[in-house]
Every structure is written in structure tokens, then in C-alpha cells.
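Let's take a walk through the inside of this protein, starting with the gaps and moving on to the packing. Keep the structure open as you read.

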Amino acid sequence: MSPAMSDFATVWEKLPADVANGLLLSAAGEARLMWLGERLLGAAGASPDPCLFSVLAHMVLSAWECSPLSPGIASHVHALQKKQSFLRPQPAAFSAVCAGLRPENSSGSEEVRACIQAGDAETAKKLTSAYADREPKNLYWLHFASFLGIRMGELDWYEPWIARYPMPAAFSLFFLADYAFAREDYAKAAALYAQSFILSAMPEGLVREGECLFRMGDRDAAGDRLRKAIVLRPWQSNLLLRLADIESGADIPGDQPPGRGEVLIYSWNNGSALEQCLTALAASRAGNYGFTVLNNGSTDNTPDVLRSKRELFGERMRVITLPVNIGSPAARNWLLSLESSRAADWVVFLDDDALVPPDWVGFFGTAVRRHPDAGIIGCRVVDGIAPLALQSVGLFLETNKEGKYKFIDDHVNSADFGLNSYLRRAISVTGCCHLLSRQNIDSVGAFDLSFSPSQYDDAERDLRSCSQGEFCLYQGHLRVRHCKRRAFSLPTPWQQVNVMGNELKLWASYPEATLAAIMQKYLRRLKDDFVRAAEECL
């Protein structure tokens, strides 16, 4: 056993079981890391083992690296630093500064938050600028500015903010690096992250430098940075999964899945987005796939869009027009019932506002060849305007405070710096772009009409598949951009009622014992795969 593997195994052996399971499921994003840190602190007690203290400190530090200007997270870092020093001077001093950040008028920050939650970036920008002008030395407002810039895609507006406030060099370099990353200037970003890490020794600099190097095509150097980060943070499971896929080539798109495929789209009054969706599809390498679009009773320009796009697809595109909107599960079942779908080895359901990359079919092909038993394969979905904002990854279940199983969506709206780019099993995957095998369709069946008109019909079917022993597969190397700003959109009262009702139906359909059995089997599978990846990489 290598020294790195020995240290890795020691850390995981000392972790409390619930924390280890939680980290195995996901160890990325500030919300999740703070939640797991609280659980570890509660289990470790007042005088934790030095190894557990190190895990706790770096878990909270990792959350802070995701959001350096968050006063709440910074205060936890500062408290741990006072208890036992583990930071270099620059981050130690800056954590104390950030812990004390406050607006002069708390109602102003609430106004900005409300605008962000509503997806109103323009008003949020105006308010942030106005309050920052009133408090020119208050670093607090850079927190909102960076969120609007990086996670809502307002990069032109955000650029001058970075130089507006004096910060320790390690952090000004880090902010500049994030901006360069968002601009896809990976060479500049890599150099800035490297400089930041030299000054701060904060491992996120290594992680993001590695991601930049990977995107520049230097796989060996990327693997080197990630391996060094894993030595510093052996508990961060996402790092190991990312490294394992880079070293094995699981991130490389291959040939399309064997056999014939059919892409299925249903659309209702979304003509503009549908046009973008079909344009991206036509430009992609989709092999021998056919395309069927169901016009779900649209009254906008959808018929015109479909007529204009037929020239791009020719005979490969079929259009079905219904007089009324029959809802999501019924539309999916209608499409599945078509002769062209029944003759296909694979079908791919694609949202009418999803933009696929050129090699999207090849990513599914890689997933199928590595996991030939997989019958449901999903992808990583990001915001169409701000592609660093995550919308969906592979989902799993955990119990909430009431002990009830729920899907965990801590990733929503977190920044996508590569830690969710891996291939592995999942309990559920996004319905935005997912592939179903003929065998899975025949064995699991159609979508449940009781979830009409929409929401949770795809999740229910995924759970049905898991209950029959067939987990989903998350292909995180396939990134699909989603035009709808789902992470920020506020539903109408009717939509809220529908979502709540369908969520109640979902959990009422599966007894707690069934969900617990699914998760126990799932965790055993993940542990085996995780240990195998560690043995191969460390």
C-alpha cells in the first residue's frame, strides 16, 4: 500500500459512519460541506481526534473557498483557527475580516437577495451598485457582485468590481482567477490559481488550477494537481472521482451507443427556445439517430419553427401536432408508443430548451460501454446564460431533520469548477436530457400519469427502476446547457401547488423501508467503486 493510500484509508476509517456516507455521496459545495461539518463536529465532541479536527477544519475551509466573502462561513473558519491554528497568515487574517462583514442597512441586502432569488439580475445589479456606493469601503457588497458575475453570468458588469476593494494578494488573485475561468481564459486562470496557492496553501487553488490544465488539454499536469489536492483532502470524494476518470479516460466521448437511437422532444409554447435546441441538435454528431418532436398544443410560433428546421434534419425528423397540451408524462408516453421509438435500442428525452454539445451522443456511448447494464443515463445540466451555475447532477437520497428520505439538491446554483464531472451510479438523473434503453423501458414501464401535468414523473420512474435493482447512471462529463434559469425562477402559486402535490405523491408511493433498502444497496455499490478508484489512483 502506497503512503498516500495508507493516509487515505486512515482518514476514512476514523470518520463516523454517517459522515463518511455523506461525504461518499458528495463532498462539494458550501451548503453541503457546512452541513457535513456540523455533523462531524457533533460526532467528534469538544476534543476531537487530531485527524478528525483536520478533516473538520479543511471541510469548513473548503466551504469558505467556495464563497470567501460569506460572513457565516468565514466566522466558522475563524473560530476553528482560534481553537487550533491551521491557516497561513493571509487566510487567517482574511477570515477574521470576512467574519465581521455586515451591511450598514440589513434591509438592503435582503432586497438584493430577493432580486437574485427572482432571477432579476438587472435590479440586483442596480441595488448592489447603489448600496456599495453608499458604503465604498465595505467589502460586504463584493459578495453579491461576485455572485451576480460568476453565477448569474453578468461578467461585463462584474469585471471592475474585483479591483475595487483592497484584499490580501492570495484572495485578489483567487477572485481574478475565477473571473478568468468564467471567461474560459484557462491559461490565465491556471497561472493566477497557482500564485494564489503559493501564498495561501488553500487546496482549492490546486483543484481549480488542475481543472484549467485539464481544459487546456494537459491531462498529466491536471492529474498531478488533483493528486496533490487529494493528499491534502483525502475526505473530498469528488476529487478522487474526478482524478480516476481523467486517468482512465472515462471523460472522453466515444462512438454512439450500439444500435439505433431516437431523440424525443415535446414542446408547449416555447418556440424561441425550441429553435435553439434544434439548431444545437442539428450541429451535433448524432450518428443514425432519428428525431421526433411532439407539438403539445402550442399556440405560439412553434409550428413555424418546426417547419423551418425540417430542412436541417430532412427525413430524420418527424413532427406530431396535438390540439391540446396533454402534460409531461402523457407526452413522454405518447412518444414512447410510436413505432419509431419502439424500434429503437435507445431513446433520449430532451427538453425543448436544452442545448447539447457536439459530442453529446459520444458521451452516452462512453457511459454505455463502461456500464453496459445501465438503462437510465443522465448528464450534468448548467445554466444556459451562466454555465458556471449548476442546475442538476446525479441525485441521491438522504434523510432530513424529520428522518424522511428526500432528494438532495445542495448543488443547485453552486459554481461548477469541475467537482461534479465524473461518471458513476445515481438514484435519479435529470429529465432534461436522459437516455433510456429498450430493456429498461420494457422492464420498468411508462411514466406515471398521476404526476400530470409535470414535475417528478421522471424521478418517480427512476425510483421505480432502483426498486427493481437497476440504478441510474450519471454521466457528468456530458454538460448540457439549459435555457431556462430554473435555479432562479419563482413558480406561480398554481405551479407551487402542483409541485408540492406531486412531491407528496412521490414519497407516498415508496415506503420508508423501500427507500432505506435502495440507499443501503446503493451505498454498498458506491463504496466498492470508491475503494477501487482509490487503489488505482493513489
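The second largest cavity has a volume of about 100 Å³. Keep in mind that you're looking at a predicted model. Thirteen is a fair number of names to hold in your head, so pick out the ones nearest the centre of this cavity: among its 13 lining residues, those are Ser26, Val393, Phe396, His411 and Asn420. Sort the whole lining by class and you get seven nonpolar, four polar and two charged residues.

Now for the largest cavity, at about 140 Å³. Here 15 residues make up the lining, and Gly29, Cys66, Ala415, Phe417 and Leu419 sit nearest the centre. By class, this lining has six nonpolar, four polar and five charged residues. How many cavities of 30 Å³ or more are there? The count is four. If you're wondering how such spaces turn up at all, rolling a probe the size of a water molecule over the atoms shows where empty space is left.

From the gaps, let's turn to the packing. The largest nonpolar core has 150 residues, and the members that touch the most others are Leu15, Trp64, Leu142, Tyr158 and Ile427. Take Leu142 as a way in: setting aside residues up to four places away in sequence, Leu142 touches Leu69, Tyr158, Trp161, Tyr165, Met167 and Phe175. Apart from this core lies another one, of 39 residues, including Met317, Val356, Ala367 and Leu423.

Next, find helix H5, which covers residues 71-83. Its 13 residues reach 18 Å from the first C-alpha to the last, close to the 18 Å expected at 1.5 Å a residue. Which residues of H5 are buried? They are Pro71, Ile73, Ala74, Val77, Leu80 and Gln81. These buried residues pack against four helices that you can pick out in turn: H3 (30-44), H4 (50-66), H6 (89-99) and H9 (140-151).

Last stop: Val480, in strand E12 (residues 472-482). Is Val480 buried or exposed? Its relative accessible area is 0%, so Val480 counts as buried. Look at what surrounds it: leaving aside neighbours within four places in sequence, Val480 is in contact with Ala354, Leu355, Val356, Pro357, Cys379, Arg380, Val381, Val382 and Cys433. One of those contacts, Val356, has already come up as a member of the 39-residue core. For a distance to check on screen, try Val480 and Gly384: they are 96 residues apart along the chain, and their C-alpha atoms are separated by 8.4 Å.

Technical notes. Residues numbered from 1 in each chain as written. Predicted model: local features only at pLDDT ≥ 70, side-chain atom pairs only at ≥ 80, totals over all residues. Heavy atoms only, no water. 1 Å grid on protein atoms, 1.4 Å probe; cavity = no way out; pocket = protein on both sides within 12 Å on 5 of 7 lines; lining within 4 Å. Points joined across faces, edges and corners; volume = space filled by probe spheres on them. Nonpolar A, V, L, I, M, F, W, Y, C, P; charged D, E, K, R; others polar. Core = buried A, V, L, I, M, F, W, Y, C linked by side-chain atoms within 4.5 Å. Buried < 20%, exposed > 50% of the residue type's maximum accessible area, 1.4 Å probe, protein only. Contact = heavy atoms within 4.5 Å. Helix = DSSP H or I, 4+ residues; strand = E, 2+ residues; numbered from the N terminus. Expected span 1.5 Å × (residues − 1).
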